Number of protein chains: 2
Amino acid sequence: MLSQYYAPTKVVFGRGAEDEVSNQLRQFGADSVLLVYGGHSALKSGLLAKVRDNLSAAGIRFMELGGVQPNPRISLARKGIEICRENGIGFILAVGGGSVIDTAKAIGYGLFNGGDPWDFYCGRRTPEGSAPVGVILTMAAAGSEMSDSSVLTNEEGGLKRGCNSDHCRVKFALLDPELTISVPDYQTSCATVDIMMHTLERYFHAGKGLSFTDSLSFTLVRQAIENGRILHADPTDYDARANMMWASSLSHNGLMALGNPSKGDWACHQLEHELSGMFDIAHGAGLAIVFPAWADYVCDTDPSRFAQLGKAVFDLECDDVEKAARMTIDALRSFFEELGMPTTLRQAGIELDEAHLSELLDKATFNGRRTLGNFRVLERADMEAIYRRCM
Amino acid sequence: MLSQYYAPTKVVFGRGAEDEVSNQLRQFGADSVLLVYGGHSALKSGLLAKVRDNLSAAGIRFMELGGVQPNPRISLARKGIEICRENGIGFILAVGGGSVIDTAKAIGYGLFNGGDPWDFYCGRRTPEGSAPVGVILTMAAAGSEMSDSSVLTNEEGGLKRGCNSDHCRVKFALLDPELTISVPDYQTSCATVDIMMHTLERYFHAGKGLSFTDSLSFTLVRQAIENGRILHADPTDYDARANMMWASSLSHNGLMALGNPSKGDWACHQLEHELSGMFDIAHGAGLAIVFPAWADYVCDTDPSRFAQLGKAVFDLECDDVEKAARMTIDALRSFFEELGMPTTLRQAGIELDEAHLSELLDKATFNGRRTLGNFRVLERADMEAIYRRCM
């Protein structure tokens, strides 16, 4: 079976990379842009003012769309599309992290394809292209700056859905690690989990993979752990921020699934999307809860896969493969706790009652129309067991 | 200082990837192509016949240019440009390894920019674009399928010169490990050295790098060694061929220089280019001779860099950094010898006399107009000392 690797985003990296913005926009033929951002941090840091000055000095016309929230809303993307249409704007410039980039991608889809952009997220339509998107990254976590993915939330029904397509690959991403130094400890920890999970989701997959790809995955997870630990102690460490920024981009750009047609398991992400769609918790925290529960539940499917991971990432030595697998899961759970992440819903302040659970399962299964994962295919009853372990 | 990572090549990987050729050509808008290849192996294996059938069935018009040799000649590229011009062909399809791809890239440059393509290799002009190139890879070694590089030889003067530019990044590369199973042992060993060297050239560089990038480099070199060893024992091992194919493409696509503005040292490659330009030895064999000599000579510049490499790649444990550095160089030299590579010129059947040496140094220094490398900057006297160690 064939697999594909395609990560065409041009990355400019280093201190002051954001100053390249107009140069890059010109290279990609943009003479007017929609500047999309969140709020507080980009404003407070002076980054937005700097970007505005850079664009103005280069004579690039721009309109603005601020106020992107975590778990970004489709309604704001709709508003962005309207602004672009009314003002003849064809290029979207995202200044922020995953939520801002994903909003920009949804705008890009809507602008190119017409109609309601939610169609692409609920699976009603497949995008046939996208208006071009560029990025100035202020948070290393989601990896959206190089991925084919975006995740939006529809307030009507609290649905959180992803759309994957190469059309939304970002044209250029400006990566300055200094811009991420002000990210608070809790969000940095959430980011570390998310970065690890983008690799782990791919590491656990159906079929036989390549040892080359496994080696890359171990390296990436080790780096995320080492640098996550450094940043939990000292969030201002530039080198650790720089390492983490690359870990973020490469964990989710496809590199960790080389030669792997299934592209990974992804059940944890999907189970988590329902949780954060319903409770609006941080994605990384949700993953820190879901992954250990999932791992405990599916471990018997192939304990050697967990054991190999533990050996390569935590230097665990144990001849009993099943024991080694359990030790690996414990080591990952302990690391999440070391970072201050919740590993149960209760720790995150969420009391999951039976009505919630039933609604989560309806959503996760698309009302019984889908299973999740492929390392182990999860039916509704499996998902229920995993959610119960999350409590 | 800023660095850039840009590897936009779309890779389709797996058994039968070559059957995708017409689909990919269509996706990139090609309706007529110049099919470029070497000779023997692609003909004998039936691959060329298969490609011709695939193109014909899809109604894609094509002309052919066979006969590309190792250390490919600029004269053949000139001929390819002529064929394209006369027949209104705008897309070059390379079926082969590095020499074939590099010939296709030179044709692409000439076609887009006009004039003599050698101008781009001798530094007289900088390419402003390239006609698009696609690849069906039959040998994992040069990494040209994802790199920004191509190296051509001018028969007049025996000059071997490279041209680096993002314009020549291949549009699509079809990677089927099965196509490389027939590559003979000696060439596979040469390939292993070349693949390792594309990472080592970047690992040794001026300034401080990122530990993230170092980790990736160690992983890649370890994988090249492990799989090189497997293939030396059994060239038909599909998994090892698959791992090596990815190692080849990623070693030279820029990934091993993330956050590294200098892009690496490259003195070994340049010293080797003069050798193989003069003596027509295999590039990988030349590198197996030059690298240990270079490493012995420059080791004192930063022994810890060598020691780290040895620890990560060969699990060498030694508290004395200088001793550890020497052990690392010895381990690399021994590995090259284990693969059947020469590590001196004499072993390769070359007696380097003083006249040769003087000519090599004139060429390597552009008649005194350049130094080489940046891990340690090499003057003519340094180059001479290294060439003498190669004897």
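**Entry 1. Domains of chain A**

I began with the distance between the two domains of chain A in this predicted model, and found that the centres of domain 1 and domain 2, taken over C-alpha atoms, are separated by 26 Å. The bounds I used come from the domain assignment of chain A, which gives residues 10-180 to domain 1 and residues 185-390 to domain 2.

I then looked up how the two domains of chain A meet, and noted that 29 residues of domain 1 are in contact with 27 residues of domain 2. The area buried between these domains is about 2300 Å², and carbon and sulfur atoms give 56% of that area. On the side of domain 1 of chain A, I listed A:Met146, A:Lys160 and A:Arg161 as the residues that lose the most area to domain 2, together 22% of what that side buries.

**Entry 2. A:Thr153**

I next turned to A:Thr153, which I located in strand S7 of chain A, residues 149-154. Its relative accessibility is 7%, and because buried means under 20%, I entered A:Thr153 as buried. Apart from neighbours within four places in sequence, I found A:Thr153 in contact with A:Asn71, A:Pro72, A:Arg73 and A:Ile74, and also with A:Trp118, A:Leu159 and A:Lys160. One of these partners, A:Lys160, is a residue I had already written down among those of domain 1 of chain A that lose the most area to domain 2.

**Entry 3. The two copies and their contact**

I wanted to know how chain B is placed relative to chain A, and saw that chain B can be laid on chain A by a turn of 180 degrees and a shift of 0.0 Å along the axis, with an RMSD of 0.0 Å. I therefore recorded the two copies as related as by a two-fold rotation axis. In chain B, the C-alpha nearest the axis belongs to B:Pro8, at 1.8 Å from it. I also noted that the same surface serves both copies, since 100% of the contact residues of chain B recur in chain A.

The contact takes 37 residues from chain B and 37 residues from chain A, and the area buried between the chains is about 3200 Å², of which carbon and sulfur atoms give 64%. In chain B, I picked out B:Leu2, B:Tyr5 and B:Phe212 as the residues that lose the most area to chain A, together 20% of what that side buries.

**Entry 4. B:Asn243**

I followed the contact to B:Asn243, which is found in helix H9 of chain B, residues 238-251, and which counts as buried at 3% relative accessibility. Leaving aside its neighbours within four places in sequence, I found B:Asn243 in contact with A:Leu210, A:Ser211 and A:Phe212 from chain A, and with B:Gln223 and B:Asn227 from chain B. I also looked up B:Leu220, which is 23 residues from B:Asn243 along the chain, and the C-alpha atoms of the two are separated by 9.8 Å.

**Entry 5. Aromatic pairs**

I counted the aromatic pairs over all chains and entered 36 for the structure. The pair of A:Trp294 and A:Phe306 is tilted, with 6.3 Å centre to centre and 45 degrees between the planes. Because A:Trp294 lies in helix H11 (residues 283-298) of chain A and A:Phe306 in helix H12 (residues 303-314) of chain A, I noted that the pair ties together parts that are twelve residues apart in sequence. Both rings belong to buried residues, with A:Trp294 at 2% relative accessibility and A:Phe306 at a relative accessible area of 0%.

In chain B, I looked at B:Phe204 and B:Phe306, whose ring centres are 4.4 Å apart and whose planes stand at 35 degrees, so I entered this pair as tilted. It links distant parts of the chain, 102 residues apart, with B:Phe204 in the loop between helix H7 (185-203) and helix H8 (211-233) of chain B, and B:Phe306 in helix H12 (residues 303-314) of chain B. B:Phe204 and B:Phe306 are buried.

Returning to chain A, I traced a cluster in which ring pairs link A:Tyr203, A:Phe204, A:Phe218, A:Phe291, A:Trp294, A:Phe306 and A:Phe375. Over the ring of A:Tyr203 sits the charged end of A:Arg305, 3.7 Å from the ring centre. I checked chain B for the corresponding residues, and the charged end of B:Arg305 sits over the ring of B:Tyr203, 3.7 Å from its centre.

**Entry 6. B:Lys323**

I closed with B:Lys323, which has its place in helix H13 of chain B, residues 321-338, and counts as exposed at 52% relative accessibility. The C-alpha atoms of B:Lys323 and B:Pro303 are separated by 8.6 Å, while the two residues are 20 residues apart along the chain.

Notes: Residues are numbered from 1 along each chain as its sequence is written. Chains are lettered from A and ligands numbered from 1 in the order in which they are written. This is a predicted model: local features need pLDDT of at least 70, side-chain atom pairs count only at pLDDT 80 or more; totals for chains, interfaces and linings use all residues. Side-chain values use heavy atoms; hydrogens and water are left out. Copies are superposed by least squares on the C-alpha atoms of residues with pLDDT of at least 70 in both. Contact means heavy atoms within 4.5 Å. Rings of Phe, Tyr and Trp (its six-membered ring) pair if their centres lie within 6.5 Å; planes under 30 degrees apart count as stacked, over 60 as edge-to-face and the rest as tilted. Helices (H or I, at least four residues) and strands (E, at least two) are DSSP runs, numbered from the N terminus. Buried means under 20% relative accessible area, exposed over 50%, partly exposed in between (1.4 Å probe, protein chains only). A charge sits over a ring if NZ of Lys or CZ of Arg is within 6 Å of the ring centre and within 35 degrees of the ring normal. Domain bounds come from an automatic or database domain assignment. Buried area is the accessible area (1.4 Å probe) that two parts lose on being put together, summed over both.
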